[in-house]
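Biologist: I should like to learn how the strand arrangement of a protein chain is read from a model. Where should one begin?

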Amino acid sequence: MRNILQIALATVLTTTLPLSAAGIKMQVYKTATCGCCAKWVEHLKANGFDVTVENVPSTAPYRAKHGVPEKLGSCHTGVVNGYAVEGHVPAREILRLVKSGAKAKGLAVPGMPMGSPGMEVGDRVDAYSVLLFDAAGNASVYQSYPAK
Ligand SMILES: [Cu+2]
């Protein structure tokens with residue numbers, strides 16, 4: 001009986017406790033004038049990431065350095081636990097990748113879709129996908145977000 005209770009309790013804990021990004025360090029490269037980048041950084045911090053921001057003249061060299069294919073490019077480039085994070089990727093997908101430890105180069109949300117974290121404009125939410133990419137530049141859908 002006691003074992004059953006312990007198993008039940010463990011199940012409740014693992015299914016109801018949110019994954020926490022507390023203490024996970026992330027470096028973000030953005031241009032000084034990028035407002036949506038700053039809003040995305042606030043989203044990361046609100047979800048517990050320990051973010052350090054560096055303003056740079058252009059993020060293109062950082063995409064190249066961290067293996068982000070230019071065709072998946074967006075407005076900012078982050079680095080967390082060895083993964084590249086390009087564009088307005090939701091914190092939950094970053095956390096999911098970090099916790100999984102999957103063999104990948106990183107995640108990207110190409111362009112700047114309306115309604116993604118940091119790209120809130122009124123109530124408008126366009127459909128977009130978070131892409132997982134490897135060192136060869138092959139990308140697959142990691143998570144799709146529907147339009148609202
Ligand atoms: Cu942006």
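Modeller: Begin with pairing: two strands pair if DSSP finds at least two bridges between them. In this predicted model, strand 3 and strand 4 run antiparallel and are joined by 4 bridges. Within strand 4, V85 is the bridge partner of G78.

Biologist: Which elements does the protein chain contain, and in what order do they run from the N terminus?

Modeller: There are 4 helices and 7 strands, and the elements follow one another as α-β-α-β-α-β-β-α-β-β-β.

Biologist: In what order do the 7 strands lie in the sheet?

Modeller: The order is 2-1-3-4-5-6-7, in an open sheet with mixed pairing. Strand 2 (50-55) and strand 7 (139-145) are at the edges; each has a single partner strand, so one side of each lacks a neighbour in the sheet. From one strand to the next, the twist averages 20 degrees.

Biologist: Which strands does helix 2 touch?

Modeller: Helix 2 (residues 35-46) packs on the sheet and touches strand 1 (25-30) and strand 2. The directions of helix 2 and strand 2 make an angle of about 165 degrees.

Biologist: Where is N81 placed, and is N81 buried or exposed?

Modeller: A residue counts as exposed if 12 or fewer other C-beta atoms lie within 10 Å of its own. N81 has 12 such atoms within 10 Å and is therefore exposed. N81 belongs to the loop between strand 3 (77-80) and strand 4 (83-87). Its phi is near 50 degrees, a positive value in a residue other than glycine.

Methods:
Residues numbered from 1 in each chain as written. Predicted model: local features only at pLDDT ≥ 70, side-chain atom pairs only at ≥ 80, totals over all residues. Helix = DSSP H or I, 4+ residues; strand = E, 2+ residues; numbered from the N terminus. Buried ≥ 20, exposed ≤ 12 C-beta atoms within 10 Å, placed from the backbone. Axes fitted to C-alpha atoms, helices over the stretch in contact; angles between N-to-C directions. Contact = placed C-beta atoms within 7 Å.
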